[in-house]
Amino acid sequence: MTLYRTIYASRPFGFDSAMLGGILVGARRNNQRDGLTGALICRADLYLQLLEGPEPAVEAAFARIERDDRHVDVERLVAGTIPARLFPAWDMLDDPARSWLWSADEVANGALAAASPAALTHVFERLAAEQKAPRVNANGLFGGPACPVDGNA
Ligand SMILES: Cc1cc2nc3c(=O)[nH]c(=O)nc-3n(C[C@H](O)[C@H](O)[C@H](O)COP(=O)(O)O)c2cc1C
């Protein structure tokens, strides 16, 4: 089966934990059904999402996502076939903004539109590599990543 990937960026419209939780629950349910995996980088000024799987399923999900009024300015940045998934174990990983990601100022000034497909893909390659080391919280339990929804992005 040919695998396909798309990466897009958008701006959250209303960003709080309830909304983000709702997006992720629905996304994971659908993605499991549709054979999709991926990651959603989320912070107050930015969603950056990678979707991967069979092309028709990726395109159908992206068409729904584009129409979603929980974000605005959806801009597709990367699309094409891939040899393997980056996030085979994740219906949709959610991850907060990282220090190594473009800053809010850089994003506001068009850094994502100016970035090459390779640079955008590398963001997710780096994220995927980090997942190989399990996150353990102070109690020795898997804490799970959480997007910053309280304005501390
Ligand atoms: C930032 C963002 C990311 C989303 N990611 C996904 C996704 O990965 N898969 C998906 O099916 N829907 C995703 N959605 C939700 C879709 O826009 C849409 O609401 C949903 O697919 C509709 O599914 P339903 O008919 O089962 O309610 C996302 C929405 C937003 C705002």
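Trainee: What do the buried residues of α5 pack against?

Mentor: They pack against β2, β3 and β5 (93–96). A contact is two residues whose C-beta atoms, placed from the backbone, lie within 7 Å. Bear in mind that this is a predicted model: local features need pLDDT of at least 70, side-chain atom pairs count only at pLDDT 80 or more, and totals for chains, interfaces and linings use all residues. Residues are numbered from 1 along each chain as its sequence is written.

Trainee: And what makes something a helix or a strand?

Mentor: Both are DSSP runs, numbered from the N terminus: H or I over at least four residues for a helix, E over at least two for a strand. By that rule the protein has five helices and five strands, in the order β-α-β-β-α-β-β-α-α-α along the sequence.

Trainee: Back to α5, then. Which of its residues are called buried?

Mentor: The cut-off first: a residue is buried if 20 or more other C-beta atoms lie within 10 Å of its own, exposed if 12 or fewer, and partly exposed in between, with C-beta atoms placed from the backbone. In α5, V123, F124 and L127 are the buried ones. They span an arc of only 80 degrees around the axis, which puts them on the same side of α5. The arc is taken over the directions from the helix axis to the C-beta atoms. Turned away from that side are the exposed residues P117, A118, H122, R126 and A129.

Trainee: How do you know that the span of helix α1 (residues 17–34) agrees with what it should be?

Mentor: The expected span is 1.5 Å times one less than the number of residues. For the 18 residues of α1 that gives 26 Å, and the end C-alpha atoms are 25 Å apart, so the two agree. Just past the end of α1, G35 takes a positive phi of about 70 degrees.

Trainee: Why are the buried residues of α1 said to line one face?

Mentor: The residues in question are L20, I23, A27 and N31. Looking down the axis of α1, they fall within an arc of 60 degrees, and therefore they line one face of the helix. A18, G22, V25, R29, Q32 and R33, on the other side, are exposed. Among what covers the buried residues is β2.

Trainee: Why does strand β4 (residues 71–82) count as lying largely in the open?

Mentor: Of its twelve residues, the number buried is one, so β4 lies largely in the open.

Trainee: D73 is in β4 too. Why is D73 called exposed?

Mentor: D73 has 9 C-beta neighbours inside 10 Å, so it counts as exposed. D73 also shows a positive phi of about 55 degrees, although it is not a glycine.

Trainee: Why is D45 only partly exposed?

Mentor: D45 has 15 C-beta neighbours inside 10 Å, so it falls in the partly exposed class. D45 sits in the loop between β2 (37–43) and β3 (46–54), and its C-alpha is 5.7 Å from that of R11, 34 residues away along the chain.

Trainee: What makes β1 (residues 3–12) and β4 a pair?

Mentor: Two strands pair if DSSP finds at least two bridges between them. β1 and β4 have nine, in the antiparallel sense. Y4 is bridged to T81 of β4, and I7 stands opposite V78. β1 also pairs with β3, again antiparallel, over eight bridges; there, Y8 has Q49 as its partner.

Trainee: Which residues come nearest to the ligand?

Mentor: Being near here means a C-beta atom, placed from the backbone, within 6 Å. Of the 16 residues around the ligand, A27, N30, R64, I65 and D68 come nearest. α1, β3 and α2 (55–66) each give two or more residues to the shell, and α1 gives the most, with five.

Trainee: And how many residues of the shell are nonpolar, polar and charged?

Mentor: Eight are nonpolar, five polar and three charged. Nonpolar covers Ala, Val, Leu, Ile, Met, Phe, Trp, Tyr, Cys and Pro; charged covers Asp, Glu, Lys and Arg; the others, Gly among them, are polar.
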